[in-house]
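Open the model in your viewer and keep the sequence panel in sight. This tour moves from the whole chain to single residues.

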Amino acid sequence: MIYKDESQCRASGSERLETIIEFGVTPLADRLLREDQLNDPELEAPLTLVFCPDSALVQIKETVKPEILFYSEYPYFSSVSPSLLRHFRESAEYIMANRTLNGNSLVVEAASNDGYMLQNFAQRDIEVLGIDPSEAPVQAAREKGIPTLCDFFGSNLASQLASDGKQADVFLANNVLAHVPDLNGFVTGIRTVLKDSGVAVIEAPYVVDLVDHCEFDTIYHQHLCYFSVTALDRLFRSHDLYLNEIKRTPIHGGSLRLFVEPVENVQSSVQEMLQTEAGRKVDRIDYYTDFAKSVQSVRAGVMEILTHLKAKGKSIVGYGAAAKACTMLAYCGITQEHLDYVLDLNKYKHDRYMGGNKLHIRPTETLLADQPDYVLLLAWNFAKEIMEQQSEYRSRGGQFILPIPKPQILV
């Protein structure tokens, strides 16, 4: 068995888990296939979204073994996206402008990937330490001169670092808090490795944006949790940490940048969001009921567009072999009958195949060479960036299909 079916909340331990939506059995996201693996049995698991009324945490029931999800050939490299690099460079500059950091400071990042963010601190001669479990991104980071441990961050590693005298002035965790099976162990680790005067700067997708914009494809096996401010505030307080400030960011369809410290100094940005969530009853299952209906509507809309275009003999390709594409393709039932292939900018994904439907992944240069009639934006969160990069395709008459939040052909 490659996964465990959880019966308790990842934050509170409560067994009062209420089902929001079942996506069925799906392939594992980012588990891209080589050609010699196409006939082998695939790794797959159920995907069930649930809600805990005690912690207010939205989460999936299934925990796939981390060493399977984040395997040695894990193909995600943050530095591939110019907009991601710009986003996290701006975040780093904000931190350096607002914290007193110098050559005696230490910045630690969990899930540091290929050093995409730490490089900004290293360029200012600030000591950095990356931590990431995937060998390929770790090697890329080391080649940039970013010291990086190939390991999972948690309470044990944090204790080891602290005993070695490595405590952080700044602890970074971007888009990883949702990925950890032992949520409480991870937050315990943050408190352990963080200096009393330090700050943890954490980014995580915002469940309210996910619900409001029907971003259901961001639900996949790597994303174990989906956070509201209410759930985050409860989680951090249970570990003697305080969510003191929040900044909203548009990245990944809507995220929160959290500033968490061992000392309580809660700003209005946090208080106002807690009040807004209370008014919208984000801490109750009723808030998520309509979301499930919207997901079904998006699926029907996407398939109606694809089926109609294919009936007219149109050629369609996908753009973005991202993790979210796995859920979109699997839940909607998109196959080789609907898409000819999938394009991706990441060279590490080229000539691999998507799980489930076995769609071939090709370089983005293929778009102008083939000039298909339509492109389904599987990486819709980078729609603006993609369409700017592919302006020539559009000028030749090519059209883009945006699936989220409402399926439509962009004109």
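What follows is a list of stops, each with something to select and what is there.

**Stop 1: the whole chain**

Show everything as a cartoon. This is a predicted model. The protein chain holds 14 helices and 19 strands. Turn it along its principal axes: the C-alpha trace spans about 65 × 50 × 40 Å. The radius of gyration is 21 Å, which agrees with the value near 22 Å for a compact globule of 411 residues.

Now switch on the surface. The accessible surface of the protein chain is about 17,000 Å². Carbon and sulfur atoms account for 45% of that area. Of the 411 residues, 56% are buried. Next, consider contacts between residues at least 6 apart in sequence: 69% of them join residues at least 24 apart.

**Stop 2: strands E2, E3 and E4**

Select residues 18-27, which form strand E2, and color them. Add strand E3, residues 44-52. E2 and E3 run antiparallel and are joined by seven bridges. Show the side chains of Glu22 and Thr48: Glu22 stands opposite Thr48 in E3.

How many residues of E3 are buried? Seven of its nine are, so the strand is mostly covered.

Extend the selection to E4, residues 57-60. E3 and E4 pair in the antiparallel sense, over four bridges. Cys52 stands opposite Leu57 in E4. The hairpin of E3 and E4 has four residues between the strands. One residue to check in this hairpin is Ala56, with a positive phi near 65°.

**Stop 3: the cysteines**

Stay on Cys52. Its relative accessibility is 0%, so Cys52 counts as buried. Which cysteine has the sulfur closest to that of Cys52? It is Cys9, at 3.7 Å, too far for a bond. A disulfide here needs two cysteine sulfur atoms within 2.5 Å. By that rule the count of disulfides is zero.

Jump to Cys332, which is in no disulfide either. The nearest cysteine sulfur belongs to Cys214 and lies 9.9 Å away. Cys332 has 7% relative accessibility and counts as buried.

**Stop 4: helix H8**

Select residues 229-237, helix H8. Seven of its nine residues are buried, so the helix is largely enclosed by the rest of the structure. Show the buried ones: Val229, Thr230, Ala231, Leu232, Asp233, Leu235 and Phe236.

What do these residues pack against? Bring up the partners one by one:

- strand E4 (57-60), seen at an earlier stop
- helix H6 (183-193) and strand E10 (194-205)
- strand E12 (242-249) and strand E13 (255-261)
- helix H9 (268-280)

**Stop 5: a six-stranded sheet**

Move on to the open sheet with strand order E16-E15-E14-E17-E18-E19. Its six strands have mixed pairing. Which strands stand at the edges? They are E16 (361-363) and E19 (408-410), each with a single partner strand, so one side of each is left without a neighbour in the sheet. Look along the sheet: neighbouring strands are turned by 35° against each other on average, direction ignored.

Zoom in on E15, residues 342-344. E15 runs parallel to E16, joined by three bridges. Select Leu343 and its bridge partner in E16, Arg362.

**Stop 6: backbone details in loops**

Center on Pro405, in the loop between strand E18 (399-402) and E19. The peptide bond from Ile404 to Pro405 is cis, with omega near 5°.

Go to Gln371, in the loop between helix H12 (366-370) and strand E17 (374-377). Gln371 is not a glycine, yet its phi is positive, about 45°. Is Gln371 buried or partly exposed? At a relative accessible area of 21%, Gln371 is partly exposed. The cut-off for buried is under 20%.

End on Asn175, in the loop between strand E9 (168-174) and H6. Asn175 also has a positive phi, near 55°, in a residue other than glycine. H6 links back to an earlier stop: the buried residues of H8 pack against it.

Notes. Residues are numbered from 1 along each chain as its sequence is written. This is a predicted model: local features need pLDDT of at least 70, side-chain atom pairs count only at pLDDT 80 or more; totals for chains, interfaces and linings use all residues. Side-chain values use heavy atoms; hydrogens and water are left out. Two strands pair if DSSP finds at least two bridges between them. Helices (H or I, at least four residues) and strands (E, at least two) are DSSP runs, numbered from the N terminus. Axes are lines fitted to C-alpha atoms, for helices over the stretch in contact, and angles run from 0 to 180 degrees between N-to-C directions. Buried means under 20% relative accessible area, exposed over 50%, partly exposed in between (1.4 Å probe, protein chains only). Contact means heavy atoms within 4.5 Å. The radius of gyration is taken over C-alpha atoms; the globule rule is 2.2 Å times the number of residues to the power 0.38. Accessible areas come from the Shrake-Rupley method with a 1.4 Å probe; for residues, only the protein chains shown count as cover.
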